[in-house]
Amino acid sequence: MAAATGSSAAAELFDALARRTAHGFVDRAAGLIPRLSFKATTLNHPPRPLIRGNPDFAAAVYRGQFSLAGHVINAGSHVIFDVSPVPASFAGELHGFAWLKHLEAAGTELARIQARALICDWIESRRYKAPVARELAVAARRLMSWILHGTFVLYNSDQAFARKFFSSLNRQAGYLARSLNFAPLNRGRLDAAIALGYAATSLGGIEKLRVELLDRLAEELQEQILPDGGHISRNPAATVELLLDLLPLRETLHARKLYTPQPLDAAVERMLPFLRFLLHGDDGIATFNGVNDHMPGAVRAVIDADDVRGKPITLARHTGYARLAFGRSTVLVDVGRPPAVGLNPAMQSGPLAFEFSDGAHRIVVNCGTSKTGNAAWMAASRRTAAHSTVCMGERSASLILDNRLTERVFGGPVLLGPQTVYGELTSHETGAVLEAYHNGYLSQFGYLHERRLFLAKHGADLRGEDRFLAAPDGRMTAPDTPFAIRFHLHPSVKVMTARDGLSVSLVLPNRVGWKFSARGASLEVQDSVYLPGLATPRRTQQIVLTGRVGLNRTVKWAFKRIDKPATTSHRDPGPELPLGM
């Protein structure tokens, strides 16, 4: 079994490397194919963005200060594009020009003049040749941003600026169209197709390309949006970001009665219920596989624009997530394999990790991803120990390859394994039960990790059971392997350990209390960190259950809501899963 698992991971890596190598050869031949001719001269009824910018950003730009990707850079008297070095995440957002929405939100002539000046600086200094500016996702964001805010920057402009603006738009659209056919399958390719959809809809003078470009977008959506509505990257943030782009485009096509490919409508109608599936009670998304911000404002903008309001699903089998929700309680669980190599540079190793919230308050979380793109925190957040799941032998459940070679070839780290992650959700009279397992530790230690979760229908009782199952073929295992079952807590949760050390009381900001208890392992509270939405990590705590897989084959635990602070004068009998489990 171990050899089979190792060979399977090696085959996966070899296959991905072969695809990337083939892509490199094809990309170099891109100049040999005919190019689409973009000769746009006007901007006609561009889509209206769902999110309005922040005028305060425009005031800061006037002072030479840019706040992007969690970093604040003061350009002083220099042009911001000349400032070097800057963090890679900052540079990506800078060259993407999404910040134009903040200048438009200011609504002043000064902000308009600044926008034109910055666009001219970027064009005249030939910044489009910079490697970061040529990245497909960045180039796509820039084309969409210039179209979305083109009416603002072009208002009362002279002909020289307009010629320069449209000349650059045409060059950028041509670059995206040329690159799209040879880009590897990833989010950047979909972003490029969406950007060209924006161009086809709003640029006057390229009407003959409209059907071709929109059909190309439809093909990409069919390939990258899974049947349950999730994106192939498995990053929940991708769903929000894509809907922010697709909803305005679809609304514009419908309002103007232009050709709208059926797969575009179908993809959006699958994605909207999936977005609701991903939400906690605070209207923010769950923290899995690269989420660096809960995005509640963006989520609200998308939901407000949703005229279908489809009911959330409970098991997203294709994307690999499960949802249990009753009363005020929501539990979201990762029951999927890591995405294929190259699909998500921020992917993480957290099989069977879960998050748990009570109304608007998160209780159990995962550590999340650094908003600033800090390399050390990004590396730490990928590890299984940064997730609310089981970690065996102080190792991650996936082999993580993160070096210059993987960065150059695949655009980021490579995660190999587990080969099998499975989850099945069933409903009962008393609540819902999730049964799941993965084989990420089978080749290393000879054990499967099985996790069962039960959420009662009243929402006040969450119970779990983690089991360590020996290799199915009966070969020698490593019974002395230590394990740690981690429950990372949100920073807003106040933690109090009982005197007998057998339970923990958790108090939420609204003074609602929960009691955690466990049996079959040693319990302690340790330090942890929380990364999403923050420029620097925030200190928090985690509950950790420890033991050895050969001695503690089954560990049971429970969270139960309490009406008043838990007493510590009696011994907790420990949790029991219902339904004969």
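**Exercise 1. Cavities**

Which residues line the second largest cavity?

*Solution.* Begin with the ground rules. This is a predicted model, in which local features need pLDDT of at least 70 and side-chain atom pairs count only at pLDDT 80 or more, while totals for chains, interfaces and linings use all residues. Residues are numbered from 1 along each chain as its sequence is written, and side-chain values use heavy atoms, with hydrogens and water left out.

Step 1: settle the term. On a 1 Å grid over the protein atoms alone, a cavity is a set of points where a 1.4 Å probe fits but cannot get out, and its lining residues have an atom within 4 Å of a point. Grid points are joined across faces, edges and corners, and the volume is the space filled by probe spheres set on the points.

Step 2: count. There are two cavities of 30 Å³ or more.

Step 3: read off the lining. Around the second largest cavity stand Gly342, Leu343, Asn344, Pro345, Met347, Phe410, Gly411, Gly412 and Pro413. Its volume is about 40 Å³.

Step 4: sort by class. Ala, Val, Leu, Ile, Met, Phe, Trp, Tyr, Cys and Pro count as nonpolar, Asp, Glu, Lys and Arg as charged, and the others, Gly among them, as polar. This lining then has five nonpolar, four polar and no charged residues.

Step 5: turn to the largest cavity, with about 50 Å³ of space. Its lining includes Arg234, Asp334, Arg337, Gln348 and Pro418, and divides into three nonpolar, six polar and three charged residues.

**Exercise 2. Confidence**

Find the stretches whose coordinates call for caution.

*Solution.* Step 1: take the overall score. pLDDT, the predictor's confidence in each residue from 0 to 100, averages 91 for the protein, and 90% of the residues score at least 70.

Step 2: look for low runs. pLDDT stays under 50 over residues 1-6, which have seven contacts (heavy atoms within 4.5 Å) beyond four places in sequence. Residues 565-574 also stay under 50, and the model has 14 such contacts for them.

Step 3: draw the lesson. Where pLDDT is low, the predicted coordinates should not be read in detail.

**Exercise 3. Cores**

Which residues touch the most other members of the largest nonpolar core?

*Solution.* Step 1: define the core as a set of buried Ala, Val, Leu, Ile, Met, Phe, Trp, Tyr and Cys residues joined through side-chain atoms within 4.5 Å. Buried means under 20% relative accessible area, exposed over 50%, and partly exposed in between (1.4 Å probe, protein chains only).

Step 2: name the hubs. In this core of 89 residues, Phe66, Trp99, Leu103 and Leu176 touch the most other members.

Step 3: note the second set. Apart from the largest core lies another of 47 residues, with Ala322, Val390, Ala397 and Ala432 among them.

Step 4: zoom in on tryptophan 99. Beyond four places in sequence, its contacts are Phe57, Phe66, Leu68, Phe81, Glu93, Leu94 and Leu118.

**Exercise 4. Buried helix positions**

Is methionine 271 buried or exposed?

*Solution.* Step 1: place methionine 271 in helix α13 (residues 262-277). Helices (H or I, at least four residues) and strands (E, at least two) are DSSP runs, numbered from the N terminus.

Step 2: check its accessibility. Methionine 271 is buried, at a relative accessible area of 0%.

Step 3: list what surrounds it. Leaving out residues up to four places away in sequence, methionine 271 touches Ile225, Gly229, Thr239, Leu242, Leu243 and Leu246. Its C-alpha lies 4.2 Å from that of glycine 229, although the two are 42 residues apart in sequence.

Step 4: compare with serine 381 in helix α15 (residues 375-382). Serine 381 is buried too, at 4% relative accessibility. Among its contacts beyond four places in sequence are Gln348, Thr369, His387 and Leu531.

**Exercise 5. Backbone details**

Track down the cis peptide bonds and positive phi angles listed here.

*Solution.* Step 1: visit two prolines. The bond from serine 84 to proline 85 is cis, with omega near -5°, and proline 85 sits in the loop between β3 (71-74) and α3 (88-96). Glycine 417 and proline 418 are also joined in cis, with omega about -10°.

Step 2: visit two non-glycine residues. Alanine 69 has a positive phi near 55° and is buried at 10% relative accessibility. Lysine 257 likewise has phi near 55°, but lysine 257 is exposed at 74%.

Key. 1 Å grid on protein atoms, 1.4 Å probe; cavity = no way out; pocket = protein on both sides within 12 Å on 5 of 7 lines; lining within 4 Å.
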